[in-house]
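Trainee: Could you help me learn to read a protein structure? I would like to go through some features one by one.

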Amino acid sequence: MKVLHIVAGLDTGGVAMLLYQYYSVIYTRGVVFDFVVHEDSKLEGRRGRFESKFEELGSTIYRVSPKKEGLSKNLKQVEEIMVSGSYAAVHVHNEETSALYTMMAKRLGIPTRIVHAHYAYKKYSFQRKIYSNIMKMLIKYSATNWLACSQDAGIAMYGEKGIQSPKFKVIHNAMDLSKFEFSSSIRCQVREELGIEDNEFVIIDVGRLTYQKNPQFMIEVFHSIYEKRHQSKLLMVGIGELEDDTKDIVAKYGMEDKVVFLGMRNDVNLLLQAADAFVLPSRFEGLGIVYVEAQATGLPTFATKENVPAEAKVCDNLEFISEKCTADEWADMILRKVVDNKDSRHSPLQELVKAHFDINREADALLEIYKK
């Protein structure tokens, strides 16, 4: 059975990681994932980081022109791929513009047409909201399955009534929990490799350096923490268009030796072990799997109350802080939580399994959708 996924790209985003987690489990079960990716100028000619990983598991990657450079050309290229591929299902991850491809797949007679929502709490202009609502109506008309990474992401895409439909299902951003189980020996090893002293309080932020992830505010929060506790360090994991702006703020505060920009890493599960707290003040998320990953390693975890779904909280490790709070208030809450957390660090794996974040169990749910 062949499934065509239509994605913005397969580089650093959570969608690429999510699909790789699932495909790593089900590629041996008679399902082949192929991908349509849109050309991304930010890649500067290089391939997305996950492309070769998928190809090693049998996927074919098709690159098409971006919609903004010519919608008709984009649609023609995607249609040629759909026609030539003999796909049993099309699975689209382009939020409301997914309607363009589910409408096409319906016209071409592809039986299973899936839209997968990954964001909630996005703010639109008046004109964009009208366009978005029209596209969402077309999704309901043309898609056979309405998926989302959380209830809130589902409501944002399909509405309150939509999530009551039998077409709707939450597909959790599950993972291989064994890779995130806390180990004191790994913690010591990674801290030594990064040159972190035993008495240093380490915060980690994992996310693209983009508007959504709010990295400049993260630096403001860390500056407040640093003023209260000088033996502190911040690890920033990720890349993005705001990297230079974020580094400028670090330089303004003279914290170049306290903020470490690690770029893109393949060992986030190990880096989380080395930290003492995880902080990511996002402006919007569909779920935010990295919050779950941080909790899996036993880290005190902090997220924006208004912008991250409640489902991201799987245990008492996660605390929500209002977006209305100042950077100084964030700093006080983080330090208080970490100081008050006197219990020995451990991974809440059973809570994660019960909350449907075990990839070995959750892959069956996605496979069932494709088979039906």
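Trainee: Which residue lies over the face of Phe-261?

Mentor: Keep in mind that this is a predicted model. Look for a charge placed above a ring: Lys-247 lies over the face of Phe-261, at 5.3 Å from the ring centre. You can find another case at Tyr-141, where Lys-106 sits over the ring face, 5.1 Å from the centre.

Trainee: How many aromatic pairs are there?

Mentor: Rings can pair with each other too, and the count here is 14 aromatic pairs. Take Tyr-20 and Phe-50: their centres are 5.8 Å apart and their planes meet at 55°, so this pair is tilted. The pair joins distant parts of the chain, since Tyr-20 belongs to helix α1 and Phe-50 to the loop between β2 and α2, 30 residues apart.

Trainee: Is Tyr-20 buried, exposed or partly exposed?

Mentor: Check the relative accessible area: Tyr-20 has 21%, so Tyr-20 is partly exposed, whereas Phe-50, at 10%, counts as buried. Now compare another pair: the rings of Phe-33 and Phe-35 have centres 6.3 Å apart and planes at 80°, so they are edge-to-face. Ring pairs link these four residues into a cluster that also includes Phe-54 and Tyr-370.

Trainee: Which residues of helix α7 are buried?

Mentor: For a helix, ask which side each residue is on. In α7, the buried residues are Arg-187, Val-190 and Arg-191. They span an arc of only 100° around the axis, so they lie on the same side of α7. The face turned away from that side carries the exposed Cys-188, Glu-192 and Glu-193. Among the elements covering the buried residues are β8 and α10.

Key. Residues are numbered from 1 along each chain as its sequence is written. This is a predicted model: local features need pLDDT of at least 70, side-chain atom pairs count only at pLDDT 80 or more; totals for chains, interfaces and linings use all residues. Side-chain values use heavy atoms; hydrogens and water are left out. Buried means under 20% relative accessible area, exposed over 50%, partly exposed in between (1.4 Å probe, protein chains only). Helices (H or I, at least four residues) and strands (E, at least two) are DSSP runs, numbered from the N terminus. The arc is that of the directions from the helix axis to the C-beta atoms. Contact means heavy atoms within 4.5 Å. Rings of Phe, Tyr and Trp (its six-membered ring) pair if their centres lie within 6.5 Å; planes under 30 degrees apart count as stacked, over 60 as edge-to-face and the rest as tilted. A charge sits over a ring if NZ of Lys or CZ of Arg is within 6 Å of the ring centre and within 35 degrees of the ring normal.
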